[in-house]
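Trainee: Got a minute to go through this one with me? Let's put it up first.

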Amino acid sequence: MSKEITSRAADYSQWYNDLVIKGQLADYSAVRGCMVIKPYGYRLWENMQAALDKMFKDTGHENAYFPLFVPKSLFEAEEKNAEGFAKECAVVTHYRLKTDPSRPGKLMVDPEAKLEEELVVRPTSEAIIWNTYKGWIQSYRDLPLLINQWANVVRWEMRTRLFLRTAEFLWQEGHTAHATKQEAIEETKRMLDVYADFVENWMALPVIKGVKSANERFAGAEDTYCIEALMQDGKALQAGTSHFLGQNFAKAFDVKFSDKENKLDYVWATSWGVSTRLIGALVMAHSDDDGLVLPPKIAPLQVVIVPIYKGDEQKASINMKILPIIKELKELGISVKYDDSENSRPGWKFAEYEMKGVPVRMAIGARDLENNTVELARRDTKEKKTVSMDGISLYIKSLLEEIQQQMYNKAKQFREERITTADTWDEFLKALDEKGGFVSAHWDGTGETEEKIKDMTKATIRCIPLDNLEEDGHCILTGNPSRERVLFARAY
RNA sequence: CGGGACGUAGCGCAGUCCGGUAGCGUACCAGGCUGGGGGUCUGGGGGUCGCAAGUUCGAAUCUUGUCGUCCCGACCA
């Protein structure tokens, strides 16, 4: 990377960190590589959870919870999966502390309390879950088994970034078992569609659905489907994955069922997950220099009302006008905060709520009382408008919908402008360096070529789009024949 | 684990080169004038300068060690 690009990347990192921290979403914690999600950020996550959870239930899934710890022997049962995660596992080896004789008042690990078998802190839960499924599945009548869990996982990454890659993170992981391969593949794709639907329609972030190359595939999967989003610095971000696991885990954990003909077979599996990383995606994709810009459908707070007044008398008359409006807004299911605190002045409040990305701000003062108006400001465009108080609630409701749609359109346009078709190596490099974003190019299908391209450019194959057209061409690097284009990008 | 930067009041920083017992902005507390984009005035509280050892009459400042954080790499579905 050139010096300029390096420093630009550093600036972008700084911009991103500031947004997360000043936007009140999260903070660094005392634990290296971990973060504290603050109440405002957690409300955002709760809103995302609620929408996703409903979608999971609408597609027939149920929630359950499995242990945080995975005995090492279980963890290593599916070898590819274990190998893929081995380098980033936190491991519990002892179960007791004792006072340290050499340091008064301090504690040490009690060497007498060594566990007979180490416990791996789950980096993902396939192992413990499939070990459990073994006891739950005997017959085709037990299938499909459609379970989701909301949990935390730990992956001891060398380098971390708020939300995008932390040592511990929150997510959901779905784990399903099916009688046929066909049904499992359908489930894999169905959940990919659920994710795409959620990210596009709730987070206002367009995604590309595709399948991963072998190099990028989930450890232990037959196929990894993914949704890829584009950030404002031109780098791609994997927003969610859905894996077709074949019979790998069923075989590793000996999960068999009797079909209608009483024949024994291994079940077919899927797993799928999205995490708090989505919050990072949200921040990177929509925010501007004034702070966060949150899509109305998941914003912790959709409308903030700031009164502007001199003295108690004016305040009282504003209250009289505003309280019924607040009631109306709430009845329409809109979350609203009336910030009449005396601690800070209107200008300060404006800036504060902009930083936090509240989609709509309503200001009301003496001038408005005379004219029966309020001032509405929308966060995404920073446009301000004075509108009549009559029918204001319905007006705001439609404004929120408009903001949601416009945020999506803007992000989509941004992405469309950054999908480049490259037919030569020069075009490929030029697109990556000057424009960023996705580069659609032919590839000879080998892992070696993919690896070489990664070494030379830092770009990886983000996915092979599901809606790809067949097209004869030649690999961008080797010139070998290719039948379809894949999407390359530098990624988070 | 390599390269770089940095640890001084809740937060952001100056002071370190050239040693003399700690300062600015902001936030906080009390009160006044204010109030349509981060107001203003007055008064006040808060820091053993990351930690440890050394040099010195004297260390935020010099030396050595150590711990930690961030950025860039390596690593990462």
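Mentor: Element names first: helices (H or I, at least four residues) and strands (E, at least two) are DSSP runs, numbered from the N terminus. This is a predicted model, where local features need pLDDT of at least 70, side-chain atom pairs count only at pLDDT 80 or more, and totals for chains, interfaces and linings use all residues. Residues are numbered from 1 along each chain as its sequence is written, chains are lettered from A and ligands numbered from 1 in the order in which they are written, and side-chain values use heavy atoms, with hydrogens and water left out.

Trainee: Ok, backbone oddities. Which peptide bond is cis?

Mentor: The bond from L143 to P144, with omega near -5°. P144 sits in the loop between α5 (126–136) and β9 (145–154).

Trainee: And which residue has a positive phi although it is not a glycine?

Mentor: Q24, at about 70°. Q24 is in the loop between α1 and β1 (26–28). Most residues other than glycine have a negative phi, and most peptide bonds are trans.

Trainee: Switching to the RNA. How many residues surround strand B?

Mentor: 39 residues, counting a residue as near if one of its heavy atoms lies within 4 Å of the strand. The closest are R155, R159, R165, R361 and D368. Of the strand's atoms within 4 Å of the protein, 41% belong to sugar or phosphate and the rest to bases.

Trainee: What does that surface look like by class?

Mentor: It has 16 nonpolar, six polar and 17 charged residues. Here Ala, Val, Leu, Ile, Met, Phe, Trp, Tyr, Cys and Pro count as nonpolar, Asp, Glu, Lys and Arg as charged, and the others, Gly among them, as polar.

Trainee: Which element gives the largest share?

Mentor: α10, with seven residues.

Trainee: Where are the N and O atoms of S13 and E216 relative to the strand?

Mentor: A side-chain N or O atom of S13 is 3.0 Å from a phosphate oxygen of RNA strand B. For E216, a backbone N or O atom lies 3.2 Å from a sugar or linking oxygen of the strand.

Trainee: Last topic, helix packing. At what angle do α2 and α8 pack?

Mentor: About 110° between α2 (residues 39–58) and α8 (residues 277–286), with their axes 10 Å apart. Axes are lines fitted to C-alpha atoms, for helices over the stretch in contact, and angles run from 0 to 180 degrees between N-to-C directions. That makes α2 roughly perpendicular to α8 (65 to 115 degrees).

Trainee: Which residues make the contact?

Mentor: With contact meaning heavy atoms within 4.5 Å, they are G41, L44, W45 and M48 of α2 and L278, I279 and L282 of α8. By class, that is six nonpolar, one polar and no charged residues.

How values were computed. Angles under 35 degrees count as roughly parallel, over 145 as roughly antiparallel, 65 to 115 as roughly perpendicular and the rest as oblique. A polar contact is a pair of N or O atoms within 3.5 Å; within protein, one must be able to donate a hydrogen and the other to accept it, and residues adjacent in sequence count only if both atoms are side-chain atoms.
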